[in-house]
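Open the model in your viewer and switch to a cartoon view. The stops below each say what to select and what is there.

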Amino acid sequence: MPVPSTKTLFRNVSILDSTGADPYPGDVLVDNDRIAAVGSVEPARAEGARVIDGRGRTLMSGLCDAHTHFSWNNSADLDGLGTMPVEEHLLFCLESARTYLDSGYTMCLGAASAKDRLDVVCRDAINAGRFPGPRYLANGPEIAVTGGALIKSITKFADGPEGMRKAVRELVSLGVDQIKLSMTGEEITGSQRAEDTYFSDEEVAAAVSEAHRRGKRVCAHARSAESVKMCVRHHVDVIYHASFTDAEGMDLLEANKDWVFVAPGINWLVATLYEAESFGFPQQAAEAVGYKRELEIATEGLREMHRRGIRVLPGGDYGFAWTPHGTYARDLEHFVQRLGFTPMEAILSATAQGGEIMLRPDELGKVAPGYLADLIVVDGDPLADITVLQDHDKLDYIMKDGLFHKECADDPAPLPPNPGSVDHNRAPANA
């Protein structure tokens with residue numbers, strides 16, 4: 001017996017399609033897990049559909065976090081990320097995954113896992129439909145050289161080219177989608193400066209070549225100027241932070257912008273500087289160790305990257321007590337207020353470019369026929385106020401794979417199928 005089609009028709013929505021075009025009024029038809037039509041919808045195609053009256057609300061793609069840590073457990077100190085027993089830690093990861101989806105995030109790129117298989121198990125459970133969560137690309141523990149770990153308990157150590165190759169092979173055997181290198185320091189440690197670079201060129205080259213040979217991408221914690229240049233020279237696919245990028249590094253990034261991504265984690269810098277006092281790290285201490293200076297230099301550099309067309313994506317190292325899970329869309333506010341993005345550019349970085357970093361640009365991150373139906377309906381206009389995406393109460397509908405994760409309880413009951421009432425003149429057809 002054939003499985004009956006499951007259709008949803010969103011009527012009278014403001015379509016923010018992530019092509020860069022201005023939003024326009026129209027309808028969006030979802031058939032099973034795909035978007036079937038956008039703009040005008042032929043009555044025959046909408047026959048039998050469940051009808052949601054959008055009432056002019058914004059319909060857009062689900063969002064992407066390019067720097068995700070499901071296993072960062074809202075700890076108030078770095079060591080707390082590794083001390084949670086594995087059973088409780090897995091439950092926390094699954095809760096984090098659900099929180100991302102609750103927040104309108106349907107795409108997440110794993111940036112490191114606190115234990116070997118936490119990311120992999122979560123990804124597989126989400127893909128199997130056992131637990132709700134975003135589309136996820138899993139990582140493993142980050143690789144550091146001896147003396148270069150930010151948090152020893154969550155780190156995989158390797159030294160020299162052969163050590164790097166062995167570590168990569170071991171992580172690949174766990175089933176990860178990408179590899180993470182921890183190449184530089186972090187000021188909050190009190191002993192490892194953000195401008196310190198711990199990897200050698202030979203070590204980066206070996207790790208990347210081994211990962212790419214096995215079909216895996218590489219991302220890197222790389223704050224220092226030299227680490228950014230190492231990343232580009234050796235084809236690290238995703239550069240995290242890039243705070244102290246110098247003129248040479250900027251030119252390298254621009255020359256290679258067709259393949260490289262930068263995910264700076266800007267909210268980590270902002271929140272660590274201004275919002276960590278109640279967790280034992282007051283602003284005065286943060287300034288003393290260099291976070292104010294780093295934020296100022298990083299802001300200038302990221303504005304320049306954006307001006308040069310280098311892909312800079314949101315994702316803010318969420319999962320510390322002062323950057324808790326569920327506050328992910330703060331990055332978009334920082335992109336607009338600090339980095340010179342227009343609201344449209346910030347949304348494109350979190351949607352269309354999210355599809356690119358997830359390696360599925362032809363089916364993720366846009367509202368277009370044939371794309372996967374990962375959609376959110378927002379009670380507000382994010383182009384007028386980007387902060388509306390931080391308000392979970394304004395995310396009236398959240399859909400992934402054509403299925404509702406959240407529905408607006410305040411809306412009237414869905415309209416019965418009535419294809420004859422679809423207005424073909426509201427928007428130009430592009431179905």
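**First stop: strand E1**

Select residues 7-16, which form strand E1; nine of its 10 residues are buried, so the rest of the structure largely encloses this strand. Keep in mind that this is a predicted model.

**Partners of E1**

Keep E1 selected and add residues 24-31, strand E2. E1 and E2 run antiparallel and are joined by seven bridges. For one pair to look at, pick Ser14, whose bridge partner in E2 is Pro25.

Next, add residues 50-53, strand E4. In which sense do E1 and E4 pair, parallel or antiparallel? They pair in the parallel sense, over four bridges. Show Leu9 and look across to E4, where Val51 stands opposite.

Then add residues 58-61, strand E5. E5 runs parallel to E1, and three bridges join the two strands. Here the pair to pick is Ile15 and its bridge partner in E5, Leu59.

While the strands are on screen, turn on the side chains. In a regular strand, side chains alternate between the two faces of the sheet.

**Last stop: Asp396**

Move to residues 395-400, strand E18, and select Asp396 within that strand. Is Asp396 buried or exposed? Its relative accessibility is 7%, and buried means under 20%, so Asp396 counts as buried.

Now show what surrounds Asp396. Leaving aside residues up to four places away in sequence, Asp396 touches these:

- Arg57
- Val377 and Asp379
- Lys406, Glu407 and Cys408

Methods:
Residues are numbered from 1 along each chain as its sequence is written. This is a predicted model: local features need pLDDT of at least 70, side-chain atom pairs count only at pLDDT 80 or more; totals for chains, interfaces and linings use all residues. Side-chain values use heavy atoms; hydrogens and water are left out. Buried means under 20% relative accessible area, exposed over 50%, partly exposed in between (1.4 Å probe, protein chains only). Two strands pair if DSSP finds at least two bridges between them. Contact means heavy atoms within 4.5 Å.
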